[in-house]
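Thanks for coming. I will go through some helix packing and some strand pairing, in that order.

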Amino acid sequence: MPTTSPYTGRTRADWERSADQLLLAVRPYASPRHGRIDLPGPRPSWSGPVSDGLEGYARTWLLAAFRVAGARGEDPHGFLGRYAEGLAAGTSEPEGGPDAWPGMAGTPQAVVESASVALGLRLTRPWLWDTLDDATRQRAVDWLLPALGPSPVNNNWWLFGLTVAGFLQDAGIETDRARRTIDRALERVEDWYLGDGWYSDGPNRSFDHYNAWAMHFYPVLHAHLAGDRDLLERYGPRLHRQLDDYSRMFGADGAPMPFGRSLAYRFAAAAAPWLGALTGYTPLTPGATRRLASGTLGYFLDRGATDRDGLLTLGWHGPYAPMLQTYSGPASPYWASKGFLGLLMPPDHPVWTAVEEPLPAEREDAVTVLGPTGMLLQSTAADGLVRLHNHGSNHVGDDEDPGYARFAYSTRTGPTHGDAVRDNHFALFLDGASTARPTAGPLGPAASAHTPRPGVRVVSATLAHGRAEVRAHLVTGAPEGTPVRQTGWATGDPALTAQLHPVHGYDGEARELPGGPTMFGETSGLLAVDGVTTGPRSLFVSLASLTGEAEPAAVATLADIRVQSPHEIHVTWHDGTTAVLRLPEE
């Protein structure tokens with residue numbers, strides 16, 4: 001019988017088996033009455049080990065809820081009993097006990113975890129919540145209610161209160177207050193919807209995986225579970241539009257784009273595609289949805305995401321501390337539980353029975369502007385590689401974050417960290433130091449500006465075609481003779497070839513600089529081209545490529561580039577098509 005999973009080899013049974021393995025692996029780390037799961041790790045989060053233990057309970061409970069609800073209450077491993085006991089213990093044991101949960105007033109992270117607790121209770125209500133005694137239910141409600149207050153953080157955190165409110169509303173508890181919380185949360189995030197399926201994660205320009213696994217996930221799933229057609233008709237089309245772009249951000253190997261923050265959540269990236277299939281708001285066929293989700297799960301599980309004890313590690317493939325945030329603790333990676341949302345669809349749903357279909361990155365070469373974000377996607381079918389050119393998404397804060405600050409990312413390379421030379425970076429050398437790029441002000445599709453020093457401005461733009469990338473930077477306000485440097489892709493993978501060629505403004509040929517650590521391992525080095533400013537306005541243009549093709553042609557053969565003025569560059573690609581790259585005026 002022909003397989004329905006020709007790309008990934010994974011079926012629903014494999015997903016169920018993976019869920020069971022992840023859940024059974026954490027059992028030895030449960031507190032005496034299962035109220036907390038205190039996982040080992042290199043360090044606690046900034047919220048401390050008690051909060052981390054709650055996180056261990058809440059995030060694995062969400063996985064158990066998907067598993068049991070998807071099996072319509074069947075629970076051969078006894079997950080419900082353990083988590084029910086943990087709920088009772090966590091909300092009743094006095095502070096300081098091994099099972100006690102921290103309150104939200106003193107531990108804001110508990111607000112985050114309350115959403116997973118509540119969503120799990122909502123999904124399994126007939127088999128768990130409805131079987132609890134009144135005293136246990138009341139203590140759980142008392143612990144959850146503070147989440148209905150204003151969010152302590154002005155970003156996706158508003159949706160945690162919405163999620164708690166959705167459960168309480170379904171359960172007939174504090175329904176008026178719950179409704180007000182839902183309305184307030186949706187009103188707040190509405191201010192951050194910029195169109196074409198894209199939200200900013202707060203009053204900023206932070207576009208990353210939180211668009212899919214938070215900003216769309218919580219409102220659409222709530223609307224679905226509540227049977228609220230009005231909400232679904234409002235937020236469902238936005239999810240549909242987001243998935244049209246988001247599905248293009250996965251490589252043929254299943255890798256999501258390693259860009260932004262919280263990347264230790266790994267296959268949580270599959271949550272939104274599953275949600276689209278669950279609600280019907282998706283541009284993807286059922287076979288393409290499962291191809292994407294199963295490819296992502298397999299990508300991580302096959303590359304060491306779990307340690308020898310079966311625990312998810314703090315990293316990308318394996319452990320990798322430089323990419324972590326201070327809020328990350330030993331249980332944080334279990335936000336990946338969201339990636340098992342697909343189990344809510346029954347075994348006979350088309351998403352499980354259809355034959356897998358190729359991803360967008362496997363079908364054809366494509367260059368895609370990502371709506372209002374200023375970002376550009378570039379994918380090539382020959383190697384299934386996807387590249388993201390960032391001209392508009394920023395880290396929240398004044399410091400430079402490698403997850404946002406680079407001009408380019410790909411599904412097979414990661415940014416360098418620490419003291420290593422920055423990859424895919426354009427720097428000026430002022431006062432002996434290399435300048436950073438903490439923020440990118442968008443100037444249109446694939447164009448941006450940043451101010452590395454007061455009075456100095458860099459306008460940048462990218463043009464892509466096939467595997468070729470034209471990278472242009474116009475520097476104004478820098479002292480004449482200021483050294484500049486453009487770096488290329490950082491990779492240590494012998495199956496990849498990184499190329500960089502100077503076109504205009506640079507001196508000499510590309511040279512190789514020492515590599516550095518990335519989430520993909522140590523790099524063997526990266527290419528750089530150097531130049532100096534020559535007046536009040538200095539234009540620098542290079543041609544770059546990252547490819548998995550065997551013995552690729554020199555990158556200089558991919559395009560003929562003619563500089564018409566500091567603001568206009570004409571390009572004839574190797575296939576004869578033409579394009580114009582314009583750097584916006586100030």
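**Helix pairs and strands**

H9 and H10 are oblique to each other, because an angle counts as oblique when it is neither under 35 degrees (roughly parallel), nor over 145 (roughly antiparallel), nor 65 to 115 (roughly perpendicular). Before the details, this is a predicted model, where local features need pLDDT of at least 70, side-chain atom pairs count only at pLDDT 80 or more, and totals for chains, interfaces and linings use all residues. Residues are numbered from 1 along each chain as its sequence is written, and side-chain values use heavy atoms, with hydrogens and water left out.

Helices (H or I, at least four residues) and strands (E, at least two) are DSSP runs, numbered from the N terminus. Helix H9 covers residues 229-246 and helix H10 residues 271-279; they pack at about 135°, with axes 10 Å apart. Axes are lines fitted to C-alpha atoms, for helices over the stretch in contact, and angles run from 0 to 180 degrees between N-to-C directions. On the H9 side the contact (heavy atoms within 4.5 Å) is made by Leu232, Leu239, Leu243 and Tyr246, and on the H10 side by Ala272, Pro273, Leu275, Gly276 and Thr279. By class that gives seven nonpolar, two polar and no charged residues, where Ala, Val, Leu, Ile, Met, Phe, Trp, Tyr, Cys and Pro count as nonpolar, Asp, Glu, Lys and Arg as charged, and the others, Gly among them, as polar.

The next pair is helix H4 (residues 109-123) with helix H6 (residues 158-170), at about 30° and with axes 8 Å apart. H4 and H6 are therefore roughly parallel to each other. Their contact divides into nine nonpolar, three polar and two charged residues.

Now the strands. Two strands pair if DSSP finds at least two bridges between them. Which order do the six strands of the open sheet take? The order is E9-E10-E11-E12-E19-E14, with antiparallel pairing. E9 (441-444) and E14 (497-504) stand at the edges with a single partner strand each, so one side of each has no neighbour in the sheet. From one strand to the next the twist averages 25°. Within this sheet, E12 (residues 468-476) and E19 (residues 537-547) pair over nine bridges, and Glu469 stands opposite Ala544 in E19.

Last, strand E13 (residues 483-487). Four of its five residues are buried (under 20% relative accessible area, 1.4 Å probe, protein chains only), so E13 is largely enclosed by the rest of the structure. E13 runs antiparallel to E7 (residues 426-430), joined by three bridges, and pairs antiparallel with E18 (residues 526-532) over five. Gln486 of E13 is the bridge partner of Phe426, and in E18 the partner of Gln486 is Val529.

Terms used. Buried means under 20% relative accessible area, exposed over 50%, partly exposed in between (1.4 Å probe, protein chains only).
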